[in-house]
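Me: I should like to work through the attached structure by question and answer. Please reason briefly each time and finish with the value or name requested.

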Amino acid sequence: MTEATRPLPAAPSYWRFGALVAAIVLIVDQAVKLWLLRVVDLAATGPIRVAPFLDLVLVWNQGISYGLFQQEGDLGRWLLVAFTLVVIVVLSVWLYRAHDRWSAASLALIVGGAVGNAIDRIAYGAVVDFVHVFVGSFSWYVFNVADAAIVLGVIGLLLDAVRGRRNNAAKESSGES
């Protein structure tokens, strides 16, 4: 049997943990979006002040993070969907191979958020963003639960990489292999 045809080993427990985290992110993201669109009807009610620095507003993001690469036509929309699906598959394989809870949780946050935003793009043609953070006249971008999960996941992966480098440096300085 060649390496390419060898079946994957049984899923480690981190895969199940990661799948659960991704599912929770996806469910919370979609539930909040549906609640704001269908129950609150944010499109009709307009901005809702939650705190002196936080509003709920409805923004249809046809691009990616921070409103980059805005797509107005179907071709761009479906290219973004295809790109997102490829990213989800790659990150899911990485999640499947995760060796600890931290990296599994970080990857799962990104996967769950990416799936949530992909569903929006497929269903509505754009991603539903609604959290607007600002201080005075300084306005941060408008985001959603999925975006927050993706950012937390990326931060988790970066911290994991730094932690791994520190652990490797400590092992090398102590003469361990």
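Me: In which helix is the place of Leu152?
Reply: The model is a predicted one. Within this model, the run of residues 145-174 is a helix. Leu152 has its place in that element, helix α5.

Me: Does Leu152 count as buried or exposed?
Reply: A residue is called exposed when its relative accessible area is over 50%. Leu152 has a relative accessibility of 53%, and therefore the class is exposed.

Me: Which helix gives the most to the nonpolar patch?
Reply: The patch covers about 460 Å² of surface and is made by Trp102, Val151, Leu152, Ile155 and Leu159. Of its residues, 4 come from a single helix, residues 145-174. The element that gives the most is α5.

Me: How many residues apart are Asp160 and Arg163 in helix α5?
Reply: The two side chains meet in a salt bridge, with N to O at 2.4 Å. Asp160 is buried at 18% relative accessible area, whereas Arg163 is partly exposed at 34%. In α5 they are separated by about one turn of the helix, that is, by 3 residues.

Me: Why are Asp29 and Lys33 separated by about one helical turn?
Reply: An α-helix has 3.6 residues a turn, so residues three or four places apart point the same way. Asp29 and Lys33 both belong to helix α1, residues 13-39. They are about one helical turn apart because their spacing in α1 is 4 residues.

Me: Which residues are linked in a network of salt bridges?
Reply: The whole structure holds 5 salt bridges. One of them joins Asp29 to Lys33, with the closest N and O atoms 2.8 Å apart, and both of these residues are buried. Asp120 belongs to the network as well, and its members are Asp29, Lys33 and Asp120.

Me: How far apart are the closest N and O atoms in the salt bridge of Asp55 with Arg49?
Reply: Strands β1 (residues 48-51) and β2 (residues 54-61) pair in the antiparallel sense over 3 bridges, and Arg49 stands opposite Asp55 in β2. The pair also forms a salt bridge through its side chains, within the 4 Å limit for such a contact. The closest N and O atoms are separated by 2.5 Å.

Me: Of Asp55 and Arg49, which is buried and which is exposed?
Reply: The cut-offs are under 20% for buried and over 50% for exposed. Asp55, at 9% relative accessibility, is therefore buried. Arg49 has a relative accessible area of 53% and is exposed. The buried residue is thus Asp55, and the exposed one is Arg49.

Me: Over how many bridges do β2 and β3 pair?
Reply: Strand β3 comprises residues 127-135 and runs antiparallel to β2. Leu54 stands opposite Val133 in β3, and Leu56 stands opposite Val131. The number of bridges between β2 and β3 is 6.

Me: How many of the residues of β3 are buried?
Reply: Besides its pairing with β2, β3 pairs in the antiparallel sense with β4 (residues 138-143) over 4 bridges. His132 has Val142 as its bridge partner in β4. β3 is mostly covered, the buried residues being 7 of its 9.

Me: Which residue in the turn between β3 and β4 has a positive phi?
Reply: The two strands form a hairpin with 2 residues between them. One residue in this turn has a phi of about 60 degrees, and that residue is Gly136.

Me: With which side chains does the side chain of Asn144 make polar contacts?
Reply: Asn144 has its place in the loop between β4 and α5. With 0% relative accessibility, Asn144 counts as buried. One contact, of 3.1 Å, is to Asn117. Another, of 2.8 Å, is to Asp129.

Me: What distance does helix α4 reach from its first C-alpha to its last?
Reply: Helix α4 has 24 residues, numbered 101-124. At its start, a side-chain oxygen of Asp100 reaches to within 3.1 Å of the backbone nitrogen of Trp102; after the helix comes Gly125, with a positive phi near 85 degrees. The reach of α4 is close to the value expected at 1.5 Å a residue, and is 34 Å.

Notes: Residues numbered from 1 in each chain as written. Predicted model: local features only at pLDDT ≥ 70, side-chain atom pairs only at ≥ 80, totals over all residues. Heavy atoms only, no water. Pairing = 2+ DSSP bridges. Expected span 1.5 Å × (residues − 1). Polar contact = N/O pair within 3.5 Å; in protein donor to acceptor, adjacent residues only side chain to side chain. Patch = residues over 30% accessible without salt bridge, like charges linked within 9 Å, V, L, I, M, F, W, Y side chains within 5 Å. Areas by Shrake-Rupley, 256 points an atom, 1.4 Å probe, with all protein chains shown as cover. Buried < 20%, exposed > 50% of the residue type's maximum accessible area, 1.4 Å probe, protein only.
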